[in-house]
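Reader: I'd like a close look at one part of this protein, with the rest of the chain as background. Here is what I have on my screen.

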Amino acid sequence: VMEVGAGIGNNIRAMLDQERVIAAEPDPEYVALLQNAFKGRRRVEVVQWDVTENPPGGLPQIDTVLCSNVLEHILDEKRALANICTVLRKEGRAVFIVPAGEALFGSVDKALGHHRRYDISSFTERILAAGLQVETSFTINKMGVVGWLINGKVLRRKTLGRFQLKIFNALVPLFRIIDPLLPWPGLSLVVVAKKK
């Protein structure tokens, strides 16, 4: 399993039961942090890799790539998707988590360094062009759309306030019940794609 854009390693920690985990990260400071955090873990390998560049030599063919909240920060997403496909073995899978709803793009996205948000139809075209086939897709966090819309489009804020986040976190158990009943897509899009 490889995570592209591993950051500080939160997702890597959740994958430590896998046979082999590769944490790929372009930022040298995060690479050093990851190397320190997973020192002595034989199953974890840390590599410095900007996914818009050719994959580093010596990589095995990967069974699964996780790309969580990374693509929206990359200008050359076409190259990134093609490189993700390149490192996958035949019939390997890529799991993408990206911000959903192109129409929701606003001031908060800009402040976070997002270049885009995604709709399933346009994202599917990009995935197909990279040599992958969508197996399943769904959105999550429908209640988050309301706050994102108000903050990013109506109020044009650049951050989400701590008080707002505390209230949202406190209401998560309620949102889990309400979310499936709401008629609109969620704030995040999850796509599982398979290499052809």
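Leaving aside its neighbours within four places in sequence, which residues is Leu71 in contact with?

Author: Quick housekeeping before Leu71: this is a predicted model, where local features need pLDDT of at least 70, side-chain atom pairs count only at pLDDT 80 or more, and totals for chains, interfaces and linings use all residues. Residues are numbered from 1 along each chain as its sequence is written, and side-chain values use heavy atoms, with hydrogens and water left out.

Now to your residue. If you skip the neighbours within four places in sequence, Leu71 is in contact (heavy atoms within 4.5 Å) with Glu77, Ala80, Leu81, Phe96, Val98, Arg116, Tyr118 and Phe123.

Leu71 also belongs to the largest nonpolar core, which has 32 residues. A nonpolar core here is a set of buried Ala, Val, Leu, Ile, Met, Phe, Trp, Tyr and Cys residues joined through side-chain atoms within 4.5 Å; buried means under 20% relative accessible area, with a 1.4 Å probe and protein chains only. Along with Leu71, the residues with the most contacts inside that core are Met2, Val65, Ile84, Phe96, Phe123 and Leu132. Several elements each supply at least two of its residues, among them strand E4 (62–68), helix H3 (77–87), strand E5 (88–99) and helix H5 (120–129). These are DSSP runs numbered from the N terminus, helices being H or I with at least four residues and strands E with at least two. H3 gives the largest share of the core, five residues. There is also a second, separate core of 12 residues, including Val1, Met15, Val21 and Val31.

Leu81 turns up again if you look at Ala130, in the loop between H5 and strand E6 (132–140). Not counting residues up to four places away in sequence, Ala130 touches Leu81, Ala82 and Cys85. Ala130 is buried, at a relative accessible area of 16%. Its C-alpha is 11 Å from that of Lys194, although the two are 64 residues apart in sequence.

Zooming out, the chain has seven helices and seven strands, in the order β-α-β-α-β-β-α-β-α-α-β-α-α-β. Its radius of gyration, taken over C-alpha atoms, is 17 Å, close to the 16 Å from the globule rule (2.2 Å times the number of residues to the power 0.38) for 196 residues, so the chain is as compact as a globular protein of that length. Buried residues make up 41% of the 196. Among contacts between residues at least 6 apart in sequence, 73% join residues at least 24 apart.

Technical notes. Buried means under 20% relative accessible area, exposed over 50%, partly exposed in between (1.4 Å probe, protein chains only).
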